[in-house]
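Student: I am new to this structure and would like to go through it in questions and answers. Please show it to me before we begin.

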Amino acid sequence: MRWILGLVWIAFIAYAVLLASGQSPGSDPIFKELITLQSKEPWLLTVFSWLGIFPAVYACMLLRTSVKERGGRVPAWPFVILSFGLGAFALLPYYAWSSSANRASGYANLHFGHQRESGIGRVAAHKLTHVVLLLLTLGATFYAVTQGHPAVYMEAFNQSAFIHIMTIDFVLLTLLSMIAIYRDTKVNRRSAAWTAASIIPIVGPLIYLLTLRRDRV
């Protein structure tokens, strides 16, 4: 699995740099409208917002402080921080590098004095955080489904390299959440059947998190 994820990461970079169709961001009006939140197409705005919510979900998955996860060799927090700007480009190498035997909770490896649980770790584990992310996701989805035009999105997908890569990034984040949930079930001794929750992008992982009992440290 490690080598497969590594190859997917390299292939994704190569595709984004060399093969992605459409105009480059520097000359792309669709990118400029989207990055300034002036786009009038709800589906474009929604998928763009999903790519901001998804890294937050991964943060909740990886930065929860747990005694069972301490002592690992690969800290998650640098990859989580980078994922807010790079998405799957940042998370693929983490999952390729780490394994169920050596991964570490992100904030377990940061030394905030002598506290056993950091403030950010508590936020990542808090049910209110998961509920807020879920409501934001459902709200954006409702907006896209009721107001959006999929044909316009597909046209942008073909015309804009940014939208092209953004879409593939979202698909990879969805597939990667399957690995994230599967590993988390091993740590928390839950049924691996929960991995199927990843079929529903963002919502599935959040439901999984909401059904977890609070870690005690």
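Student: Which class, nonpolar, polar or charged, has 14 residues in the lining of the largest pocket?

Tutor: This is a predicted model, in which local features need pLDDT of at least 70 and side-chain atom pairs count only at pLDDT 80 or more, while totals for chains, interfaces and linings use all residues. Residues are numbered from 1 along each chain as its sequence is written, and side-chain values use heavy atoms, with hydrogens and water left out. Ala, Val, Leu, Ile, Met, Phe, Trp, Tyr, Cys and Pro count as nonpolar, Asp, Glu, Lys and Arg as charged, and the others, Gly among them, as polar. In the lining, four residues are polar and one is charged, and the class with 14 is nonpolar.

Student: Which helix supplies the largest share of that lining?

Tutor: A pocket is an open set of points on a 1 Å grid over the protein atoms alone, where a 1.4 Å probe fits, with protein on both sides within 12 Å along at least five of seven lines; lining residues have an atom within 4 Å of a point. Helices (H or I, at least four residues) and strands (E, at least two) are DSSP runs numbered from the N terminus. The lining has 19 residues, with Leu51, Gly85, Phe162, Met166 and Asp169 nearest the centre of the pocket, and α3, α4 and α9 each supply at least two. The largest share, six residues, comes from α9.

Student: Which residues have the most contacts inside the largest nonpolar core?

Tutor: A nonpolar core is a set of buried Ala, Val, Leu, Ile, Met, Phe, Trp, Tyr and Cys residues joined through side-chain atoms within 4.5 Å. Buried means under 20% relative accessible area, exposed over 50%, and partly exposed in between (1.4 Å probe, protein chains only). The largest core here has 57 residues, and those with the most contacts inside it are Tyr95 and Ile163.

Student: Which helix gives the largest share of this core?

Tutor: In soluble globular proteins, nonpolar side chains tend to be buried together. In this chain of 217 residues, buried residues make up 49%. The largest share of the core, 15 residues, comes from residues 42–62, helix α3.

Student: Against which helices do the buried residues of α10 pack?

Tutor: Helix α10 spans residues 203–210, and six of its eight residues are buried. These are Val203, Gly204, Pro205, Leu206, Tyr208 and Leu209. With contact meaning heavy atoms within 4.5 Å, they pack against α3, α7 and α9.

Student: How many aromatic pairs are there, and what kind is the pair of Phe79 and Tyr94?

Tutor: Rings of Phe, Tyr and Trp (its six-membered ring) pair if their centres lie within 6.5 Å; planes under 30 degrees apart count as stacked, over 60 as edge-to-face and the rest as tilted. The count comes to twelve aromatic pairs. Phe79 and Tyr94 lie 5.4 Å apart, centre to centre, with 50° between the planes, and the pair is tilted.

Student: Why does the pair of Trp194 and Tyr208 tie together separate parts of the sequence?

Tutor: Trp194 and Tyr208 form an edge-to-face pair at 5.6 Å centre to centre, with 70° between the planes. Trp194 counts as partly exposed, at 25% relative accessibility, and Tyr208 as buried, at 0%. Trp194 lies in the loop between α9 and α10 and Tyr208 in α10, so the parts tied together are 14 residues apart.
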